[in-house]
Amino acid sequence: MNGNQEHSAEGRTAQSFTGQVTAGPGGAMTDEAGVITGDLTLTTSLGDDDLARFAIQYTEADEWYTLTGSPRPLPPDGLEALHARTLEAIRAGGAAEVPTT
């Protein structure tokens, strides 16, 4: 998992995490393309509105999709923990969406 931090124009720190995952049986559910499977890349980022957003793609592809359930309010344990739980959900498959907890 790679973590990145950038500073926005207002001086706030923007966070994002990117990780590679092989989807389990039943893959991951996207808003645009339905279920996708195989080797995937997930990027989780925190918007200026404090909502976590999830973009997913076939690894090394050009097109990104919205993981169903995005955006999601930031949980108390933070963006990195939510990103890790989302990778775990995708690894489990079953048309995985962004975890609610």
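**A walk from a charged patch into the strands**

Let's start on the surface, where D31, E32, D62, E63 and E97 form a negative patch. Patch members have over 30% relative accessible area and no salt bridge, with like charges joined within 9 Å; a salt bridge would be a Lys or Arg side-chain nitrogen within 4 Å of a carboxyl oxygen of Asp or Glu. Asp and Glu count as negative, and a charge is placed at CG of Asp or CD of Glu. The areas come from the Shrake-Rupley method with a 1.4 Å probe.

Before going on, a word on the model: it is predicted, local features need pLDDT of at least 70, side-chain atom pairs count only at pLDDT 80 or more, and totals for chains, interfaces and linings use all residues. Residues are numbered from 1 along each chain as its sequence is written, and side-chain values use heavy atoms, with hydrogens and water left out.

Back to D31: this patch residue sits in the loop between strand 3 (28-30) and strand 4 (34-36). D31 counts as partly exposed because its relative accessibility is 48%, given that buried means under 20%, exposed over 50%, and partly exposed in between.

Now zoom out. The protein chain has one helix and eight strands, where helices are DSSP runs (H or I) of at least four residues and strands are DSSP runs (E) of at least two. Read from the N terminus, the order is β-β-β-β-β-β-β-β-α. Of the chain's 101 residues, 39% are buried.

Strand 5 (residues 39-46) is a good place to look inside: six of its eight residues are buried, so the rest of the structure largely encloses it. Strand 5 runs antiparallel to strand 6 (residues 51-58), and seven bridges join the two; strands pair if DSSP finds at least two bridges between them. To pick out one of those contacts, find T43, whose bridge partner in strand 6 is A55.

What does the backbone do in the hairpin of strand 5 and strand 6? Four residues lie between the strands, and D50 there takes a positive phi near 65 degrees; D50 is a residue other than glycine. With a relative accessible area of 39%, D50 is partly exposed.

Further along, E60 lies in the loop between strand 6 and strand 7. E60 is another non-glycine residue with a positive phi, near 70 degrees, and at 76% relative accessible area E60 is exposed.

One last backbone detail: S70 and P71 are joined by a cis peptide bond, with omega about -5 degrees. You'll find P71 in the loop between strand 7 (65-66) and strand 8 (72-73).

Notes: Patch = residues over 30% accessible without salt bridge, like charges linked within 9 Å, V, L, I, M, F, W, Y side chains within 5 Å. Buried < 20%, exposed > 50% of the residue type's maximum accessible area, 1.4 Å probe, protein only.
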